[in-house]
Structures are given as C-alpha cells and as structure tokens.
Amino acid sequence: MLKVGLTGGIGAGKSEVSRLLVECGAVLIDADRIAREVVAPGTPGLAAVVETFGEGVLTADGSLDRPGLGSLVFADPDKLAALNAIVHPLVGARSRELETAAPEDAVVVHDVPLLTENGLAPLYDVVVVVDADPATQLDRLVRLRGMTEADARARMAAQATREQRRGIADIVVDNDVPLPDLERRVKDVWADLVRRARTTARDDEGSGGRSGERPEEGRPAE
C-alpha cells in the first residue's frame, strides 16, 4: 500500500485533483467528507460542538450550520483550535478504519485540507500539494462558492501559507491551468505514484518511509 497525503489551500482545486486520481484508480479517503459524518445529527461529535459553541450553530432541523460555524471560527484562532480539537481526533480514527479496509496493494489518497498546518506529512509515503495563485483561490471562492471577499480572505489566512505547503511537497500540482491541462498533469502524477508503489513493494519497505524525491512533473518542487 502506498499512502499519499493530498492537500492544498482552500480554492486551489484539491477536490478536482482527488476526483481525477480516483478515476485513475486511487482509493480516496476524504477528510472533509468524514468531518461532516462525525458531526452529523445524533453523533457525539455534534454534541461536543454544541456544548462548546452553543445551539446557535445548529439549523432549524438540528443539523450543523456549517457556513455559520465557519464564519465564526475562521475569524478567531482560539475558536478554530477548539473546533479542531473536537473534530480532528474523530476524523483520524475513521480515516484509519477506512485505510485498514483498503486492498493491501492500493494507492490510498488521503485528502487532508490541514495536512500542513497539523504537521501530518510524516504520516504519508508521498505528499502531493495542489497549488494555485492566491488571487486564483480568492476568485474561485467568491465566484464559484458564493463567499464574501472578507470571508474568503479570512479562511485563506487561517491556513498555512503557499510557501509552507510547497515546503512539505514531494509532488506539486499547478492548478492555475485549464481543466484539460490539469487532467494531463494528474495522469502524470498517477503514473509517478504507481511507480513509487511498485518500487515500495519490490523493496519490501511497506509504508514506513518517505521518498526523498520531490518532483513536480519530473522537476524538483520549489
């Protein structure tokens, strides 16, 4: 099994890259999706969130008001830390369950938005960073997700910097490009991951080491 950590700033297009990797054959473990599951109505996770932030973070039907909670925590580092302390352990436990259930020879892609911020790079054999210019991220958040510019900037500011993400990358995927170009680049990344998986299996190294290479489509990551 090759364990891949996939990350990128909000609005960088990480979800599109993960979708394309699944089309290539990857097993995807999506931390965002799991984060929704662990705070679904009736879960201990949601009860803990309500206890910490109050019933004002609930919608009329008793589910979590994610946009409202997001606006609250991304403007306050302490509140964001409190939310992460609730959600992250639950997401980690569920992710490990799904990884254990994957085939032994799978390329397992963990889509983890806060991989850089939480120092999780050593957990993976390969780290793939989806990169985009901050102006591109801002435009996508406002134009495609309907965020206000202030909210979008606050969410971007709460994450690691572009340089910090690139600093932990084994592979960098430039997503300031049209979709056909991105599709080509992801296919190249997939070929690289398959090669690494075969090398790992041949050398009987399992998932215990990270490669020292840091190519960006065959070139060193900056």
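Both faces of strand 1 are covered in this predicted model. On one side lie Leu2, Val4, Leu6 and Gly8, and on the other Lys3, Gly5 and Thr7, all of them buried. Seven of the seven residues of the strand, which spans residues 2-8, are thus buried, so strand 1 is largely enclosed by the rest of the structure.

The pairing of this strand can be followed next. Strand 1 pairs with strand 3 (residues 107-111) in the parallel sense, over five bridges. Within strand 3, valine 107 stands opposite leucine 2. Strand 1 also pairs with strand 4 (residues 126-131), in the parallel sense and over five bridges. Here valine 4 has valine 126 of strand 4 as its bridge partner. Leucine 2 and valine 4, the residues named in these pairings, belong to one side of strand 1, together with Leu6 and Gly8.

From the strands the description passes to a pair of helices. Two packed helices are described by the angle between their axes and the distance between the axes. For helix 4 (residues 66-73) and helix 5 (residues 77-101), the angle is about 130 degrees and the axes are 7 Å apart. An angle of about 130 degrees lies neither over 145, the range for roughly antiparallel, nor within 65 to 115, the range for roughly perpendicular; helix 4 is therefore oblique to helix 5. On the side of helix 4, the contact is made by Leu69, Leu72 and Val73. Helix 5 contributes Pro77, Lys79, Leu80 and Leu83. By character, the residues of this contact divide into six nonpolar, no polar and one charged. The charged residue is Lys79 of helix 5.

Charged side chains lead to another aspect of the model. Side chains of opposite charge can pair when their charged atoms come close. A search of the whole structure finds 15 salt bridges, among them several within single helices.

In helix 1 (residues 14-24), arginine 19 and glutamate 23 are four residues apart, and therefore separated by about one helical turn. Their side chains meet in a salt bridge, with an N to O distance of 2.6 Å. Arginine 19 counts as partly exposed because its relative accessibility is 35%, whereas glutamate 23, with a relative accessible area of 57%, is exposed.

Helix 7 (residues 149-157) holds another such pair, arginine 153 and glutamate 149, which lie four residues apart, about one turn of the helix. The closest N and O atoms of their salt bridge are 2.9 Å apart. Arginine 153 is partly exposed at 46% relative accessibility, and glutamate 149 is partly exposed at 45%.

In helix 9 (residues 179-202), aspartate 192 and arginine 195 lie three residues apart, which is about one turn of the helix. The side chains of these two residues meet in a salt bridge at 2.6 Å, N to O. Which partner of this pair is buried, and which is partly exposed? Aspartate 192 is buried because its relative accessible area is 14%, under the 20% limit for that class. Arginine 195, at 39% relative accessibility, counts as partly exposed.

Salt bridges can also share partners: through such bridges Asp131, Asp133, Arg162 and Arg166 are joined into one network.

Key: Residues numbered from 1 in each chain as written. Predicted model: local features only at pLDDT ≥ 70, side-chain atom pairs only at ≥ 80, totals over all residues. Heavy atoms only, no water. Axes fitted to C-alpha atoms, helices over the stretch in contact; angles between N-to-C directions. Helix = DSSP H or I, 4+ residues; strand = E, 2+ residues; numbered from the N terminus. Parallel < 35°, antiparallel > 145°, perpendicular 65-115°, else oblique. Contact = heavy atoms within 4.5 Å. Buried < 20%, exposed > 50% of the residue type's maximum accessible area, 1.4 Å probe, protein only. Pairing = 2+ DSSP bridges. Salt bridge = Lys/Arg side-chain N within 4 Å of Asp/Glu carboxyl O.
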